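Dear colleague,

I am handing over the structure below, and I would be glad if you could look through it with the notes that follow beside you.

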Amino acid sequence: MSGPLLFLGGVLFVAIGIAVSIALHEVGHLLPAKLFKVRVTRYMIGFGPTIFSRKKGETEYGVKALPLGGYVQMIGMYPPNPEDGTLRASSTGMFQNLAREARQQASEEVGPDDGNRVFYKLPVWKKIVIMLGGPAMNIVLGILFTAILLMGFGSAQPTTTLSTVSACQVAQGDKEPGPGEKCTPAPAAAAGLKPGDRIVSFDGKPATDWNTLTEQIRQSAGRKVPVVVQRGDQTIDTTVTPVLTARPVYGADGQPAKDSAGKVLTQDVGFIGVGPRQALVPQGPETVLPAVGTQMTQVSHVVLDLPARVIGVAKAAFSSEPRDPNGPISVVGVGRVAGEVSAMEEIPLDARIASLIGILAGLNFALAIFNLIPLPPLDGGHVAGALYEGIRRGIARIFRRPDPGPFDLAKLLPVTYTVAGLLLAMGVVLIYADIVKPVKLFG
């Protein structure tokens, strides 16, 4: 299959995965709403003009033109004005009018037979269950994709097959010599090792895994060590003398450890100048939840720092500054990355599919955590409103005061519109940046 077709296939794979994730997010709201007898009038994927819809029972199901999200429309999201049950147009000011008009529209959807089927009359815990249903569905999908990735395909693990063999000895932090420049050959190159060789034994001990082999090399500085490698059908015996040099100290996460100033910590150890080839190794079910926890923590840090990161993306898009490869990207950027992954024919097919599944897992965790931000119109904003209602009613009961009634989310419409506007602006900036200065993950 040609590169362009592979690129398109990766884009379509992730696009369908995103559409399914959004659809199931809304199912997470729809099912508990129907379970609690709230009348749901619409279940829509996307925004804007309706492309297709069909009414089943009391709910219209459809797809809209702009695939930028979705929504479930329930009747009675806003309670009547507590000061004016007739919703008369007595409020003045733009913000008051916004709330009044929203309550008016919500009341018009309520039929004479709906009774207690309106959202605002639900107990607080039912409101929270409905609103958390969407993010919970995305977390379940993220766990499912992670399980498929780790247990079905595996995680990339270093093997004892060599991917790289350094030609020259280079001290930590120094630059590689340029073409034609003289250098001291690295021990592995001097011993005749080549990329693709599989180290069978080192110092008379079987090379069973890369981590053990690395430790043996580090402890053998200055000593001539026998090595057996497999090169195709050949078994080759040679010797290598690791040199003592400064190498990074690696932490439990497999990343170079740094001091308080951000400088990489080093130690003098044996070094021969080789790098391992990665291979997918299936993992057990016990690895899934720790991996989920790690990924959700990483996504949470990105979301908490989102305003600053988006500003950084904007600066890069409108200047010569480099783009942060770990910064946020839009759906356009995600599609581009997916296409690049799919088109990398030098990487085995199973590894490319695993990468695409990993992208979907990360997207679902991002959708869940982002929607938990306690600001309307996000799900977390509705949850915060319900919790405030519960606290307010609880305090009223404790002090034997009249029930203040349901919290009026319509009063937060100015916040809703502000947040929606900021989200739209953020989306435009990210899409523009992903077009003019895309993230270069693969060179």
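Sorted by class, the residues that line the second largest pocket are ten nonpolar, nine polar and three charged. Please bear in mind that this is a predicted model. The pocket in question, the second largest, holds about 550 Å³ of space, and its lining consists of 22 residues, with Trp210, Thr214, Arg218, Pro248 and Tyr250 lying nearest its centre. Two or more lining residues are given by each of α5 (210-218), β8 (243-248), β9 (266-271) and β10 (274-281), and α5 provides the largest share of the lining, namely six residues.

Elsewhere in the chain, you may like to follow helix α3, which runs over residues 124-153 and has 30 residues. From its first C-alpha to its last, α3 reaches 42 Å, which is close to the 44 Å expected at 1.5 Å a residue. The helix does have a kink of about 40° at glycine 133, shortly before proline 135, and just after α3 ends, glycine 154 takes a positive phi of about 105°.

Proline 135 also comes up when one turns to asparagine 371, a residue of helix α9 (residues 349-371). Leaving aside residues up to four places away in sequence, asparagine 371 touches Pro135, as well as His25, Leu378, Asp379 and Gly380. Is asparagine 371 buried or exposed? Asparagine 371 counts as buried, because its relative accessible area is 13%, and the cut-off for buried is under 20%.

With best wishes

Conventions:
Residues numbered from 1 in each chain as written. Predicted model: local features only at pLDDT ≥ 70, side-chain atom pairs only at ≥ 80, totals over all residues. Heavy atoms only, no water. Helix = DSSP H or I, 4+ residues; strand = E, 2+ residues; numbered from the N terminus. Expected span 1.5 Å × (residues − 1). Bend = angle between axes of the 7 residues up to and from the residue. Buried < 20%, exposed > 50% of the residue type's maximum accessible area, 1.4 Å probe, protein only. Contact = heavy atoms within 4.5 Å. 1 Å grid on protein atoms, 1.4 Å probe; cavity = no way out; pocket = protein on both sides within 12 Å on 5 of 7 lines; lining within 4 Å. Points joined across faces, edges and corners; volume = space filled by probe spheres on them. Nonpolar A, V, L, I, M, F, W, Y, C, P; charged D, E, K, R; others polar.
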